[in-house]
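Welcome! Take a moment to turn the model around on your screen, and then read on for a short tour.

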Amino acid sequence: MLIPHRLMRCQRRLSFPLPLPTSSTPSFRTSSNSSSSHRNNTTAATMMVPERASLILRRFLLLVAVSLCCLVLFKTFSSDYSLLRFSSASLSSFPFDDSSLLFGIISWFYPSSGKGFTVNVDISVSDEARLEKVLKDAAMKDKTVILTTLNDAWAAPNSVIDLFLESFRIGDHTRRLLNHLVIVALDQKAFARCLVIHTRCFSLVSEGVDFHQEAYFMTPDYLKMMWRRIDFLRSVLEMGYNFVFTDADIMWFRDPFPRFYLDADFQIACDHFVGDSDDVQNRPNGGFNYVKSNNRSIEFYKFWYSSHETYPGYHDQDVLNMIKFHPFIKEIGLKMKFLDTAYFGGLCEPSKDLNQVCTMHANCCYGLNSKLNDLRIMLQDWKQFLSLPPNLKRLSILSWRVPQNCSLDSLKHYDSPAPEKDAQGLQE
């Protein structure tokens, strides 16, 4: 308990008088002069400018705010799984509700207007650190990771993601690659499902965009999802990681790494392969690519992403088909390769030999039910191939029974002439 003379010193330092505490201690009589002097001192103390007391109070509140920051950051780094709210500009949003409490306290202590000062807390480093941890845990020795994206529509039991993971388990030397696979969930339901079925999950939540439903081809939600993906992959490259990006509707039947080109910065699967891996007339498919992290690939992904403003209303694959002719690609020295559909096939152009196929993509297919039907048949065909004795496998007596429900209408445009280039080297 404060004794009277110390309490009086505290009163003089503050801008408001503090009443003396009641106590069982007997009171002492004072003369009228003493009472008058006490009243005058109290009035003077009330009118004093509280500079020193204000400084002490602010230092104390700052210490409290910093302590809360440390507590929140500790909770962040101690979590087993990463959550991230991603914006196209930076990794800068807090992923959990504690942040609103923290910033509310700081704002209440130090308002941005009026006297005093504002505390700005930069949390982008924390978000990047959590992403770094997930990638580091999944990376191969050369810092290569395998990435796929997932939303609620493809995350349901017995849906696309289960077929995708099954292909790794029954493929030729592909099960071990699951250790290097990171499933990037685009909504919280997909993230929760990922935690049940896989060990490496990452939540990529785009503010103001709901990706939990099926994003139909070329709808606004589909376009947003595709361009968010390109921007996210750019951030992975900037962190120094190579990646194989794969759509979840691609079945992995063999280890693809022996089929990749060693000298390429960027190599991508095709809807239609013209026979030459260097020919830019190949029709790339953005659902499967292998990219090495270097200055060339980073600049390319920045250019690719920024081009969606040049070509509004087009998805990433269409824009890639336009910018692959651009002089900027040669200026930065990017080495681009197109992967042969004999090894990296799809429903647009199936791999003909099951002895050679690495991946098969359910492309040229519209509608989730149609896609699931043909993916299941694809897995059945592979299992039947595996059941054959070696001598029959070499004879290539089996072929794919797909496509069935999936549409092949998109194949028709391959017979039409390639679009002409304008003076800039771009397709019209």
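## A first look at the chain

The chain folds into 14 helices and 11 strands. Please keep in mind that this is a predicted model. Of the 428 residues in the chain, 46% are buried. The accessible surface amounts to about 22300 Å², and carbon and sulfur atoms account for 55% of that surface. How do the contacts spread along the sequence? Among contacts between residues at least 6 apart in sequence, 72% join residues at least 24 apart.

## Aromatic rings

Rings are a good thing to look for next. The count of aromatic pairs in this model is 22. One of them joins Phe303 and Phe328, with 4.7 Å from centre to centre and 45° between the planes. That angle makes the pair tilted, because stacked planes are under 30 degrees apart and edge-to-face planes over 60. Phe303 belongs to helix H10 (residues 295-310) and Phe328 to helix H12 (residues 327-332), so their pairing ties together parts that are 25 residues apart in sequence. Phe303 has a relative accessible area of 16%, so this residue counts as buried, the limit being under 20%.

You can also find an aromatic cluster formed by Phe164, Phe168, Trp252, Phe257, Phe260, Phe288, Tyr290 and Phe344.

## Lysines over rings

Which lysines lie over the face of a tyrosine? Lys143 and Lys337 both appear in the table.

| Lysine | Ring | Distance from the ring centre |
|---|---|---|
| Lys143 | Tyr241 | 4.4 Å |
| Lys337 | Tyr261 | 4.9 Å |

How values were computed:
Residues numbered from 1 in each chain as written. Predicted model: local features only at pLDDT ≥ 70, side-chain atom pairs only at ≥ 80, totals over all residues. Heavy atoms only, no water. Phe/Tyr/Trp six-rings, centres within 6.5 Å; stacked < 30°, edge-to-face > 60°. Helix = DSSP H or I, 4+ residues; strand = E, 2+ residues; numbered from the N terminus. Buried < 20%, exposed > 50% of the residue type's maximum accessible area, 1.4 Å probe, protein only. Lys NZ or Arg CZ within 6 Å of the ring centre and 35° of its normal. Contact = heavy atoms within 4.5 Å. Areas by Shrake-Rupley, 256 points an atom, 1.4 Å probe, with all protein chains shown as cover.
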